[in-house]
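Notebook open, coffee poured. I want to look up a few helices, a strand and one residue, and jot down what turns up.

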Amino acid sequence: MTEKSIKLMQGNEACVEGAIAAGMRFYAGYPITPSTEIAELSAERLPKIGGKFIQMEDEIASISATIGAAISGTKAMTATSGPGFSLKQEGIGYGVITETPCVIVNVQRGGPSTGLPTAPAQGEIMQARWGTHGDHSIIALYPWSVKEIYKTTIKAFNLAEKYRTPVILLMDEVIGHMREKIELFDEEKIEIYNRKKPSCSPEEYKPYRVLEGDIVPEMAGFGEGYRFHVTGLVHSESGFPSGNEKIAESLINRLIDKIEDNVDDIVEVQEYLLDDADVAIVAFGSTARSAKSAVNALREQGIKAGLFRPITIWPLAEKQLINLSNKVNRIVVVEMNMGQYFLEVDRVAGKQAKVEKYGRINGELITPEEIISFIKEV
């Protein structure tokens with residue numbers, strides 16, 4: 001690849017290219033619309049660069065194999081949609097408590113159940129946050145263009161490695177399947193973060209011991225000479241199960257704190273024409289593209305509108321939303337569901353600004369004209 005390589009690329013293809021650029025060398029998955037191209041291209045590309053692709057018998061096996069590969073020291077990814085994402089939830093919880101870095105892509109489609117397999121939706125916003133059981137924190141990212149899918153997939157791997165956690169990459173059918181121009185750069189010019197390896201001898205190594213000033217443990221890979229135990233049970237720093245309430249509380253708090261205490265490093269948002277805005281549209285993914293067009297049209301009509309686009313969906317951009325609520329009079333959350341993200345925006349920003357929602361669940365993309373009409377009529 002030359003220093004700059006310009007290609008016409010599908011969103012799902014850009015996801016694979018970004019993953020490989022970030023160091024992905026293992027993919028396990030099961031075909032499902034509209035994410036299947038991610039598996040197809042991974043099957044084609046990985047064997048050529050010394051990686052491994054395996055089609056598993058179902059989504060539960062897929063997330064399990066992905067976690068297993070990641071524990072071995074390999075950067076790993078899986079992708080799915082709707083019903084498959086539901087099946088992966090137990091494995092995601094296992095990845096959280098075992099602190100296993102990996103990336104789970106969910107190209108959303110209409111639901112519930114089999115729903116609308118070929119139609120876009122944004123119905124797993126809350127499932128990404130709370131799909132697996134128990135108290136935990138999670139990182140979930142949501143790009144809006146083919147170029148950003150490439151960059152955000154790299155970021156997803158970097159965050160997974162840095163904080164030893166599964167990272168969810170949300171997309172929707174529209175951005176997964178659309179094609180746009182994208183510039184790919186040499187891999188040596190991409191910033192890559194790799195997990196911290198043990199700084200002690202194999203005899204001294206404890207897989208969940210935290211060092212002073214850093215609550216993310218070092219991580220050895222299976223087969224590297226370090227023996228350790230991995231379990232979904234609450235465990236001590238040795239990795240072996242423990243029923244001690246103090247150990248349980250300390251572990252769960254640390255799993256949450258390592259993400260929530262680093263929101264300034266994790267959270268990314270984009271603001272467009274908000275400096276003098278009276279009304280702000282909050283939108284993400286393909287819906288944000290319609291929202292941006294709506295903002296431009298509203299400006300031409302004399303209405304001071306702006307766009308607030310969370311690229312990091314979880315953790316919530318609370319600081320930025322509070323700041324937004326102090327600048328505008330009205331916030332309209334536009335999403336292809338019945339108000340999942342709206343609930344969080346209203347909780348955080350509703351005391352200072354009027355927060356409204358505009359949703360859609362019929363498998364059709366929300367158009368700029370609909371957003372304009374809603375803002376002018378309500």
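Before the first lookup, a reminder to myself: a helix here is a DSSP run of at least four residues, numbered from the N terminus. I also keep in mind that this is a predicted model.

**Entry 1: Thr287**

I started with a single residue and asked which helix holds Thr287. Thr287 sits in helix α11, which covers residues 285-300. Next I asked whether Thr287 is buried or exposed. Its relative accessible area is 0%, so I noted Thr287 as buried. Then I looked up what surrounds it. Leaving aside residues up to four places away in sequence, Thr287 touches Gln122, Val334, Glu335, Met336, Leu365 and Ile366.

**Entry 2: α1 against α2**

Two packed helices are described by the angle between their axes and the distance between the axes. I looked up both values for helix α1 (residues 11-22) and helix α2 (residues 36-45): the axes come within 8 Å and cross at roughly 45°. That angle makes α1 oblique to α2. I also checked the hand of the crossing of α1 and α2, and it is right-handed.

Which residues meet there? From α1 I listed Asn12, Glu13, Cys15, Val16, Glu17 and Ile20, and from α2 Glu37, Ile38, Leu41, Ser42 and Arg45. Sorted by character, the residues of this contact between α1 and α2 come out as five nonpolar, two polar and four charged.

**Entry 3: strand β8**

How many residues of β8 (residues 166-172) are buried? I found seven of its seven, and noted the strand as mostly covered.

In a regular strand the side chains alternate between the two faces of the sheet. With that in mind I sorted β8 by direction: Pro166, Ile168, Leu170 and Asp172 point one way, Val167, Leu169 and Met171 point the other way, and all are buried.

On to the partners of β8. Strand β5 (residues 102-110) pairs with β8 in the parallel sense over seven bridges, and Val103 has Val167 of β8 as its bridge partner. Strand β7 (residues 139-141) also pairs with β8 in the parallel sense, over three bridges. There, Leu141 is matched with Leu169 of β8.

**Entry 4: helix α13**

Last lookup of the day. Helix α13 spans residues 340-349, and seven of its 10 residues are buried, so by the under 20% cut-off for relative accessible area I logged it as mostly covered. The buried residues of α13 are Gln340, Tyr341, Phe342, Glu344, Val345, Val348 and Ala349.

Technical notes. Residues numbered from 1 in each chain as written. Predicted model: local features only at pLDDT ≥ 70, side-chain atom pairs only at ≥ 80, totals over all residues. Heavy atoms only, no water. Helix = DSSP H or I, 4+ residues; strand = E, 2+ residues; numbered from the N terminus. Buried < 20%, exposed > 50% of the residue type's maximum accessible area, 1.4 Å probe, protein only. Contact = heavy atoms within 4.5 Å. Axes fitted to C-alpha atoms, helices over the stretch in contact; angles between N-to-C directions. Parallel < 35°, antiparallel > 145°, perpendicular 65-115°, else oblique. Left-handed = near helix turned anticlockwise from the far one by under 90°. Nonpolar A, V, L, I, M, F, W, Y, C, P; charged D, E, K, R; others polar. Pairing = 2+ DSSP bridges.
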